[in-house]
Amino acid sequence: MTSGPDVLRDELVTPSVTSSDVVFDGAVWDVRRDTFDLEGQTLVREVVDHPGAVAVLALDEHEDALLIRQYRHPVAAHEWEIPAGLLDIEGEDPLLAAQRELLEEADVTADHWAVLVDYFTSPGGMDEAIRVYLARGLRPVPDAERHERDGEEAHIVQRRVSLDDVAAGVLAGDLHNSTLIIAALAARSARAGEWSSLRPADSPWPAHPGRRTSS
């Protein structure tokens with residue numbers, strides 16, 4: 001791993017916020033208006049206040065990815081995705097949340113877990129941070145123990161697809177889900193490096209806004 005003064009890394013800061021008000025109290029997330037100082041200038045920005053999320057790229061014994069298709073109303077599409085969910089349980093460990101989402105949405109558990117990639121979904125307007133795990137050693141959940149899905153999740157369709165075919169779909173413009181795109185391309189890169197870039201599943205996540213500590 002690259003280290004030293006020339007390493008390419010985002011700089012996490014503690015902004016000088018002079019006021020912060022909730023201007024929309026939503027069912028899932030809120031919108032807040034922050035006033036802050038930046039290099040001597042006072043700025044005002046609205047931010048979607050998001051709890052963050054986790055996602056799981058699950059690979060079977062053939063290194064095929066377990067995908068799910070789910071209806072997403074904001075974009076009016078049945079999207080191919082990977083299992084994912086909000087970090088909306090106070091104090092829940094992200095790894096445990098990811099394990100729960102894999103079980104609930106894909107009907108499998110996994111023996112081996114690692115961190116694949118972390119990213120911000122739309123840093124110009126929301127503070128959502130997502131951690132994508134790589135899960136291997138998949139085991140089916142017995143029918144009697146499977147999660148009863150409802151809403152959009154009640155209509156989930158599952159499919160196993162090679163990483164190369166997922167990447168081809170991305171580059172052809174046929175797949176649009178950002179987490180799927182990032183996870184699949186990151187996994188292909190990690191595979192080419194014999195998975196040496198994977199981080200332990202319990203790696204710290206300092207970039208998540210809710211997990212930062214003031215210096």
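Biologist: Let's start with V115: buried or exposed?

Modeller: Keep in mind that this is a predicted model. The cut-off for buried is under 20% relative accessible area. V115 comes out at 0% relative accessibility, so this residue counts as buried.

Biologist: Which residues does V115 touch, leaving out those up to four places away in sequence?

Modeller: V115 sits in strand β8. One group of its partners is R131, V132 and Y133. The others are L198, R199, P200, A201 and S203.

Biologist: And how far apart in space are V115 and D202, C-alpha to C-alpha?

Modeller: Along the sequence, 87 residues separate V115 and D202. In space, their C-alpha atoms are apart by 7.9 Å.

Biologist: Which element gives the largest share of the largest nonpolar core?

Modeller: That core has 27 residues, and L57, L67, I82, L116, V132 and V166 touch the most other members. At least two residues each come from β4, β5, β8, β9, α2 and α3. The largest share is 5 residues, and the element behind it is α3.

Biologist: Which residues is I82 in contact with, beyond its neighbours within four places in sequence?

Modeller: I82 is among the core members that touch the most others. Its contacts include A55, V56, L57, L66, L67 and I68. The rest of the list is V132, T179, L180 and A183.

Biologist: What about T35, buried or exposed?

Modeller: T35 lies in strand β2, and its contacts include S16, V17, L43 and V44. Buried means under 20% relative accessible area. T35 has 17% relative accessibility, so the label is buried.

Note on methods:
Residues numbered from 1 in each chain as written. Predicted model: local features only at pLDDT ≥ 70, side-chain atom pairs only at ≥ 80, totals over all residues. Heavy atoms only, no water. Core = buried A, V, L, I, M, F, W, Y, C linked by side-chain atoms within 4.5 Å. Buried < 20%, exposed > 50% of the residue type's maximum accessible area, 1.4 Å probe, protein only. Helix = DSSP H or I, 4+ residues; strand = E, 2+ residues; numbered from the N terminus. Contact = heavy atoms within 4.5 Å.
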